[in-house]
Amino acid sequence: MIKKYLFYLIRWQLSTPILAIVLILLASFPTIAATIVANLIGGLIFFWVDRFIFRSLSKNPLWEIRDDVVCHSCGKLGRGYRIAEWLGYDRKQDKNPQFRCEKCKDQKAQEVKEKIK
């Protein structure tokens with residue numbers, strides 16, 4: 001999250017000179033009109049930058065953890081783990097989630113990692 005925030009701060013600073021140039025070029029326009037045009041141009045440019053910065057693809061999996069579940073792999077009762085989201089893998093809305101114990105979750109994580117490469 002810190003990395004995204006730093007990219008966003010840099011992006012914010014880059015927007016300042018671009019918008020200033022547009023305002024200088026539109027100096028003969030009324031102030032409100034020039035500001036609206038400058039913001040529209042900024043939006044056209046920085047929408048794509050923001051989309052890149054805030055894309056939801058994470059290098060780390062989003063785990064869902066529950067207590068008192070049966071491991072789908074070995075049948076052991078206890079704390080269960082499942083990968084809910086990871087890069088293009090998305091099981092957040094899975095109606096029949098498969099949880100795995102501490103031991104089996106690492107093996108499943110490796111399988112998912114291989115599929116999404």
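Me: What makes Cys74 count as partly exposed?

Reply: In this predicted model, the relative accessibility of Cys74 is 46%. Buried means under 20% relative accessible area and exposed means over 50%, with partly exposed in between (1.4 Å probe, protein chains only). The value of 46% lies in that middle range, so Cys74 is called partly exposed.

Me: On what basis are values accepted in this model, and how are residues numbered?

Reply: Because the model is predicted, local features need pLDDT of at least 70 and side-chain atom pairs count only at pLDDT 80 or more, while totals for chains, interfaces and linings use all residues. Residues are numbered from 1 along each chain as its sequence is written, and side-chain values use heavy atoms, with hydrogens and water left out.

Me: Why is Cys71 called buried?

Reply: The relative accessible area of Cys71 is 4%. This is under the 20% limit, so Cys71 is buried.

Me: How do you know that Cys74 and Cys71 are not bonded to each other?

Reply: A disulfide is defined as a pair of cysteine sulfur atoms within 2.5 Å. The sulfur of Cys74 is 3.6 Å from the closest cysteine sulfur, in Cys71, and is therefore too far for a bond. By this rule the count comes to 0 disulfides.

Me: Where does Ile65 lie, and what makes Ile65 partly exposed?

Reply: Ile65 lies in strand 1, which covers residues 62–70. Its relative accessible area is 48%, so Ile65 belongs to the partly exposed class.

Me: Which residues is Ile65 in contact with, leaving aside its neighbours within four places in sequence?

Reply: Ile65 is in contact with Arg79, Gly80 and Tyr81, where contact means heavy atoms within 4.5 Å.

Me: What secondary structure does the protein chain have?

Reply: The chain comes to 3 helices and 3 strands, and along the sequence these follow the pattern α-α-β-β-β-α. Both are DSSP runs numbered from the N terminus: helices are H or I with at least four residues, and strands are E with at least two.

Me: Why is the protein chain called more spread out than a compact globule?

Reply: The radius of gyration is taken over C-alpha atoms, and the globule rule is 2.2 Å times the number of residues to the power 0.38. For 117 residues the rule gives 13 Å, whereas the protein chain has 23 Å, well over that value, so it is more spread out than a compact globule. Along its principal axes the C-alpha trace spans about 75 × 25 × 20 Å.
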